Amino acid sequence: MKEKRSHITLYMVIGVGLLLILFIAGTLWIGGAARRDTESAVRSVSLLYLDELAGRREQVVSKNLQDKINVIYTALEMMSKEDLSDDAHLREYQANMKQLFSLEKFAFVDSDGLIYTSQGIQTNIGDYHFSHQNLDGPEISIKDMDSERKTVIVAVPVDMTFRGKQLSVCFMEIAMEEMLSGVSMAAQEDGATFCNIYTAEGNPLSNTVL
């Protein structure tokens, strides 16, 4: 009789143990599944937010670029024959365009690659990525990409003569901060930010730390 009771007790202990194991395993499985579901939901929401974030900033930057292209054509429409009469008039016109449209530079390039700015003639055409010989439409590039003073270049072809020289390109040089105006980076006091914008080559447009 005692042996029978011992067997019954043993079976009960084993049964309770199995139930506890099943209960703990089920709890862990349910918890893991809930965690996985939560992580999946968070990831989906994060990707959706990131996609929306990128889309909005892409729209702002694209609009800014298109506005700058419109600006350079507007500036050229404001140009008169008198502005091309001599160095003084051309430089005054360029200085006015710089001030009016918040530009770093408003310049012309002749067929020989000389750059006419409001400060005088420059010969550093190699620092720019557009071709002054066969530009056939608006072109946007970035100058000094690896420096903290990178600028955006908007260049368009022109066909005009100045002092017997054929001017083939007009371009604007714009500070990156000006180009990214309206694009919220939520920069903190230490210069860090939660987002940045990169070129296809992986170069950041702003100098903030991601």
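Helix 1 provides the largest share of the lining of the largest pocket, namely 6 residues, in what is a predicted model. That lining comprises 18 residues in total, and those lying nearest the centre of the pocket are Val 61, Leu 65, Ile 197, Tyr 198 and Leu 205. Besides helix 1, which spans 2–77, strand 4 (139–143) and helix 3 (176–179) each supply at least two residues of this lining. In chemical class the lining of the largest pocket divides into 12 nonpolar, 4 polar and 2 charged residues, and the space within the pocket amounts to about 310 Å³.

A search of the whole structure for enclosed space, with a threshold of 30 Å³ or more, finds 1 cavity. The volume of the largest cavity is about 50 Å³, and its lining is made up of Asp 87, Leu 90, Arg 91, Gln 94, Tyr 116, Thr 117, Gly 120, Ile 121, Phe 162 and Arg 163. Two or more of these lining residues come from each of helix 2 (87–101), strand 2 (115–117) and strand 3 (120–122), with helix 2 giving the most, 4 residues. By class, 4 residues of the cavity lining are nonpolar, 3 are polar and 3 are charged.

The class make-up of the two linings is set out below.

| Lining | Nonpolar | Polar | Charged |
|---|---|---|---|
| Largest pocket | 12 residues | 4 residues | 2 residues |
| Largest cavity | 4 residues | 3 residues | 3 residues |

The elements named above belong to a protein chain that has 3 helices and 6 strands. Read along the sequence, these elements follow the pattern α-α-β-β-β-β-β-β-α, so that, with numbering running from the N terminus, helix 1 and helix 2 come before the six strands and helix 3 comes after them. Helix 1 and helix 3, which stand at the two ends of this pattern, are both among the elements that supply at least two residues to the lining of the largest pocket.

For the chain as a whole, 35% of the 210 residues count as buried. Among the contacts with a separation of 6 or more, 46% are made by residues 24 or more positions apart in the protein chain. The accessible surface of the protein chain comes to about 13,600 Å², and carbon and sulfur atoms account for 56% of that area.

How values were computed:
Residues numbered from 1 in each chain as written. Predicted model: local features only at pLDDT ≥ 70, side-chain atom pairs only at ≥ 80, totals over all residues. Heavy atoms only, no water. Buried < 20%, exposed > 50% of the residue type's maximum accessible area, 1.4 Å probe, protein only. Contact = heavy atoms within 4.5 Å. Areas by Shrake-Rupley, 256 points an atom, 1.4 Å probe, with all protein chains shown as cover. 1 Å grid on protein atoms, 1.4 Å probe; cavity = no way out; pocket = protein on both sides within 12 Å on 5 of 7 lines; lining within 4 Å. Points joined across faces, edges and corners; volume = space filled by probe spheres on them. Nonpolar A, V, L, I, M, F, W, Y, C, P; charged D, E, K, R; others polar.
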